[in-house]
Amino acid sequence: MKKLSALPPKKPFNPAPVWFSLWIVLLWLIVFDLDISFQTLLYGVEDMAEYFSRYTAPDFSEMSRYLQLMAQTIATALWGTLIAFVTAFLLAPFAARNLTPGRATYRIARETLNFLRAMPDLLLALIFVAALGLGPLPGALALGVHTAGFLGKFFAENLERIDKGVIEAVQATGASRSQVVMYAGWPSILREAIGYTLYIMDRNVRMASVLGLVGAGGIGLALHDTLRLFKYDESAALILVILSVILVFDYFSTWLRGKLT
């Protein structure tokens, strides 16, 4: 029988000094590489305080219009998310190694998702605004195209992690490739797919407000107009409406994702 040691277990290594040293080195690298001047920052604090003081009296006299614009922004995000979901739903099985019909199809689907993901939604919004004019449609298309790349990648990587036995069990019934995807693929990642889609929706609500600044409609366009005309009281009210809705949606999506896991 093995004799137990009477010595106490060895105290674990304390990594705090190492982490602190690394933090100091990284901070120094950031300051050195970005040529940050603390003196200039201190001089700018007063200017920043003066600028923010212009937003201390928000004007909610047109609250109904602000809410209507915010609803338009949420609708833009919702349609963008639906476009992304439909695109990702179609492309993801072709971009998953275990479900794709061939290597060439796999590469085409993967590179298509990479291309969609690499196109910034702000650039896409500018292109769609130039082609379609001002309004929420360019924003929805820009969000849909850009986030389809992310959603498709998430779906494809989850489909690749499906248990091989589940796929073989469905294939043993004589099911076609599309039936394998529908009966073995999507049901196995349903919870993850819903969670990722909610995350993209959450992200699109934030970005829809930003895209409005380049003419993609909604409350962002109104904020752009009030800032351009130096109407700081109305700008402050619009910013507070945006922040409130984003916070509510963030808590709601976090709660819903928690219920799904």
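The largest pocket here holds about 180 Å³ of space. Keep in mind as you look around that this is a predicted model. Besides the pocket, this briefing visits two helix pairs: α6 with α9, and α7 with α8.

**The largest pocket**

- Its lining is made up of Phe89, Leu90, Pro93, Phe94, Leu99, Pro101, Arg177, Ser178, Val181, Met182 and Trp186.
- Two elements, α3 (63–91) and α8 (177–188), each give two or more residues to that lining.
- Helix α8 supplies the largest share of the lining, with five residues.
- Sorted by class, the lining of the largest pocket has nine nonpolar residues, one polar and one charged.

**Helices α7 and α8**

- Helix α8, which we met at the pocket, also packs with helix α7 (residues 164–171), at an angle of about 150 degrees and with the axes 9 Å apart.
- Angles over 145 degrees count as roughly antiparallel, so α7 and α8 are roughly antiparallel to each other.
- These two helices, α7 and α8, make a right-handed crossing.
- On the α7 side the contact uses Val166, Ile167, Val170 and Gln171, while α8 brings Gln179, Val180, Tyr183, Ala184 and Ser188.
- Six nonpolar and three polar residues form the contact of α7 with α8, and no charged ones take part.

**Helices α6 and α9**

- Helix α6 (residues 136–160) packs with helix α9 (residues 190–211) at an angle of about 155 degrees, and their axes lie 10 Å apart.
- That angle makes α6 and α9 roughly antiparallel to each other.
- The crossing of α6 with α9 is right-handed.
- From α6, the residues in contact are Gly139, Ala142, Leu143, His146, Thr147, Phe150, Leu151, Phe154, Phe155 and Asn158.
- Facing them from α9 are Glu192, Ala193, Tyr196, Thr197, Ile200, Arg203, Asn204, Met207, Ala208 and Leu211.
- The contact of α6 with α9 counts 12 nonpolar residues, six polar and two charged.

Notes: Residues numbered from 1 in each chain as written. Predicted model: local features only at pLDDT ≥ 70, side-chain atom pairs only at ≥ 80, totals over all residues. Heavy atoms only, no water. Axes fitted to C-alpha atoms, helices over the stretch in contact; angles between N-to-C directions. Helix = DSSP H or I, 4+ residues; strand = E, 2+ residues; numbered from the N terminus. Parallel < 35°, antiparallel > 145°, perpendicular 65-115°, else oblique. Left-handed = near helix turned anticlockwise from the far one by under 90°. Contact = heavy atoms within 4.5 Å. Nonpolar A, V, L, I, M, F, W, Y, C, P; charged D, E, K, R; others polar. 1 Å grid on protein atoms, 1.4 Å probe; cavity = no way out; pocket = protein on both sides within 12 Å on 5 of 7 lines; lining within 4 Å. Points joined across faces, edges and corners; volume = space filled by probe spheres on them.
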